[in-house]
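Visitor: Please take me through one part of this structure in detail. I would like to look closely at the largest cavity and what surrounds it.

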Amino acid sequence: MHSYLARQPILNKDKVTVGYELLFRDGPNNCFPDVEDELATNRLLINNFFTSGSSQVTAGKKAFVNFPESSLLQRTPLLFPKQSFVIEILESCTPSDALLEAVIELYKKGYTLALDDFVPSKDWLRFLPFIHIIKFDIRAIPISRTRFFIQKYKKNNIKFLAEKVETYAEFIEASDAGFDFFQGFFFSKPEMIQSKSLKPSALTTMQLYQEICLPQVNFDKVEKIIATDVSLSYKLLRHVNTITSSKSKPISSFKQALIYLGEEKLRRFISFVAASHALAEKPQSLYSLSLQRANFCERLSVLITPKIVSNQAFLTGLFSLLDSLLDQSIEELIEQLPLNAGIQAALVSKTGPLGIILKLAIAYDQANWDKVSLYSKELGIDETNVAEVYVESLKWSAIIEKSSATK
């Protein structure tokens, strides 16, 4: 039995990822085919992210999980570690005496509770003393209407989360209104598009990207580029020494590191370090999503007939958010990179086989299951295989996110 999973990051005011909402789908036909909501939630908990009490797809951060009314009344959350997730009480739940009793019990046992897609009403007021987070869908309730409610109940130590924040302007408006957390794809869009020169660290990143895009990497050129940036040199050497800690003699020069890594590992290595180094104020989620998409696209490329060069698929996924990382239009950035026509078409107009792969990756990130089905069919890939590849790419990027957070 397979389960389908997408995740969406939740950020704080500093644009630091504090958790991920996990979005579940049971199969390729619809959201819950022949499966009750309760069973669907249980599968998500068991199959996807609870292993020895830790999450494999959230990089150790809290998972926000939707719980239907039946699961709450049966106290299903008590089966799982309270430290690992936030219980989202769905808007479809009835604010009954029985539900309140369950909420109070979970609250007393130390679980974190959130009201999902909350619409203020007197029926829910008695629940608020036991609620930690309230989520407002700003598409359904404008930010201007939430401001008074937030000001009134902030004193109750309730945190407020704005859902479906799609632009940087909405993020600023929601922050000013008193929201503490933010969910949506505002972080994956450029904060501003204007003609400007890149900052030195961003320029170094672009130069490195130029080198790894070439069919054959010139190690001497890469070494010279890295040598111009002390901070980046330190990060690269430190990371290589970390992954070679079992060797008796540590690596002491970047040339030595290059020789050890080899060409393919160097491509991945630069992808791992350079983007995060380019603009430190960018949210970690944006960088993690870039890497996760790169890995997802690369894994998909080998399932397609005729097969696509995996490195081209990797670069397509990796550069799909380059405009957001560097705050320039993708067209301007593409001109500075020696990318082949297939990758350029995918990034600019999302056309061609690589473009369909990228559209599939974006649809999965957004849990747009209809488009996931459409693009899977276009590529001739079984949706079950796509789901497995996506979860593997989440696990891969979670490991990287976890390791980079400790450095």
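Guide: The largest cavity and its walls

Helix H10 gives the most to the lining of the largest cavity, with 4 residues. This is a predicted model, where local features need pLDDT of at least 70, side-chain atom pairs count only at pLDDT 80 or more, and totals for chains, interfaces and linings use all residues. Residues are numbered from 1 along each chain as its sequence is written, and side-chain values use heavy atoms, with hydrogens and water left out.

Start with the space itself. The whole structure holds 2 cavities of 30 Å³ or more. A cavity is a set of points, on a 1 Å grid over the protein atoms alone, where a 1.4 Å probe fits but cannot get out; lining residues have an atom within 4 Å of a point. The largest has a volume of about 100 Å³, a volume being the space filled by probe spheres set on the points, which are joined across faces, edges and corners.

Now the walls. The lining consists of Arg-7, Pro-9, Tyr-20, Phe-185, Phe-187, Ser-285, Ser-288, Leu-289, Gln-292, Asp-365, Tyr-390 and Leu-394. Two or more residues each come from strand E1 (4-12), helix H10 (284-301) and helix H17 (383-405). Helices (H or I, at least four residues) and strands (E, at least two) are DSSP runs, numbered from the N terminus. By class, the lining has 7 nonpolar, 3 polar and 2 charged residues. Here Ala, Val, Leu, Ile, Met, Phe, Trp, Tyr, Cys and Pro count as nonpolar, Asp, Glu, Lys and Arg as charged, and the others, Gly among them, as polar. Domain 1 (4-183) and domain 3 (285-405) both give residues to this lining, so the cavity lies between them. The domain bounds come from an automatic or database domain assignment.

Follow E1 next. Because 9 of its 9 residues are buried, E1 is largely enclosed by the rest of the structure. Buried means under 20% relative accessible area, exposed over 50%, partly exposed in between (1.4 Å probe, protein chains only). In a regular strand the side chains alternate between the two faces of the sheet. Tyr-4, Ala-6, Gln-8, Ile-10 and Asn-12 point one way from E1. Leu-5, Arg-7, Pro-9 and Leu-11 point the other way.

E1 also has a partner. It runs antiparallel to strand E8 (residues 181-183), joined by 3 bridges; strands pair if DSSP finds at least two bridges between them. Leu-11 stands opposite Phe-182 in E8.

Technical notes. 1 Å grid on protein atoms, 1.4 Å probe; cavity = no way out; pocket = protein on both sides within 12 Å on 5 of 7 lines; lining within 4 Å.
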